[in-house]
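User: Please take a close look at one part of this model, with the cut-offs for each term as you go. Which residues are linked in a network of salt bridges?

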Amino acid sequence: MQSGLDEAIGGYLSERCDRMSTISNSEAIAAWAAMPIDAIEAYDDQGDFPKRHLMNGNVLRMLGPVDGRKVLDAGSGEGYLSRLLAEGGAEVVGVEPAAALLARAQKIEQERRQGIRFVQADLSTLPEVGQPFDAVVCSMVLLAIPAWQSAMAACVGALKPGGRFVFSITHPAFENLYPTWRDHGHYQLDRYLDEYEMPEGHAPDFHRPLSAYINEVIGLGCRVIELCEPRMDPQVARDSGIEAIESYVALPNFLIVSAERDR
């Protein structure tokens, strides 16, 4: 069973043609590497406001206990999630291709010495970084990768049989939730089933329907065990003083998926 699953994952890495690659992985990585240093340093120990109040608690819960477990933070950015995992007792390897984000993560690790190993690598061509892992987390990363199918296959391939794979994305049905709600007082959507590039922000993201991600992880030999559409606590929204933040109470801007690699 194990060898058959490994062959299937290898097939995805070598044979599947990643769709919607209007730019290459190297171009996407270069765009993230050009992210302004002040924007990188704006992240705090919880990442940012949405991650603090919507994402982190759910991602960590869906990973399960990490104390003493070997965890890959796939697309670790400036390292906030790697640090949270290390605080929970995990042995963490963080993989990040963008040099500016990696440098920030390594600088903080040098200061705090949590035992995190950060590696510069493209997830779609993941090298040997200590596989296999008990768990792999890929938070808000796949939506930014042109070669996302190869990246997802690499994440699953890095797991032990029975290992946990948790990934999060902007919810495909509510990607422009905040600006649309702010401008119109409700959410509007006129395009969902197509796949397309979204050029906003420091680097482009890519819209893909939810079925693309779920069918892909199932096809890689995983069993989906939970979907989470986090909702902001109404009191947190009121206390924030942020215009239109009630949109996060009404609708889910993010989606978190937990799956297990079949034994």
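Analyst: Buried means under 20% relative accessible area and exposed over 50%, with partly exposed in between (1.4 Å probe, protein chains only). The model is predicted: local features need pLDDT of at least 70 and side-chain atom pairs 80 or more, while totals for chains, interfaces and linings use all residues. Residues are numbered from 1 along each chain as its sequence is written, and side-chain values use heavy atoms, without hydrogens or water.

The network of salt bridges links Arg164, Arg223 and Glu260; a salt bridge is a side-chain nitrogen of Lys or Arg within 4 Å of a carboxyl oxygen of Asp or Glu. Within the network, the side chains of Glu260 and Arg223 meet with 2.9 Å from N to O. This pair joins distant parts of the chain, since Glu260 is in strand S9 and Arg223 in strand S8, 37 residues apart. The two partners fall in separate classes of accessibility: Glu260 counts as buried at 18%, whereas Arg223 is partly exposed at 45%.

The third member, Arg164, lies in strand S5. Strands (E, at least two residues) and helices (H or I, at least four) are DSSP runs, numbered from the N terminus. With a relative accessible area of 18%, Arg164 is buried. Neighbours within four places in sequence aside, Arg164 is in contact (heavy atoms within 4.5 Å) with residues from several stretches of the numbering, among them Met62, Leu63 and Gly64. Asp134, Ala135 and Val136 also touch Arg164, as do Leu159 and Ile225. Ser258, Ala259 and Glu260 are on the list of contacts too, and of these Glu260 is also a member of the salt-bridge network with Arg164.

The strands that carry these residues belong to an open sheet. Seven strands make up this sheet, in the order S3-S2-S1-S4-S5-S9-S8, and the pairing is mixed. Two strands pair if DSSP finds at least two bridges between them. Strand S3 (117–119) and strand S8 (222–228) each have a single partner strand, so one side of each lacks a neighbour in the sheet. Arg223, in strand S8, is therefore on an edge strand. In the order given, S9 comes between S5 and S8. S8 and S9 (residues 254–261) run antiparallel, with six bridges between them. At the end of strand S8 (222–228), Cys228 stands opposite Ile256 in S9.

Helix H7 (residues 148–157) has nine of its 10 residues buried, so the helix is largely enclosed by the rest of the structure. The buried residues are Trp148, Gln149, Ser150, Ala151, Met152, Ala153, Ala154, Cys155 and Val156.

For comparison, two other salt bridges can be set beside the network. The structure holds 11 salt bridges. In one of them, the side chains of Asp44 and Arg52 meet at 2.8 Å, N to O. Both partners are partly exposed: Asp44 has a relative accessible area of 32%, and Arg52 has 40%. In another, Asp48 and Lys51 meet through their side chains at 3.4 Å, N to O. Asp48 is partly exposed at 27%, whereas Lys51 counts as buried at 13%. The Asp48 and Lys51 pair thus joins a partly exposed acid to a buried base, while in the network pair the acid, Glu260, is buried and the base, Arg223, is partly exposed.
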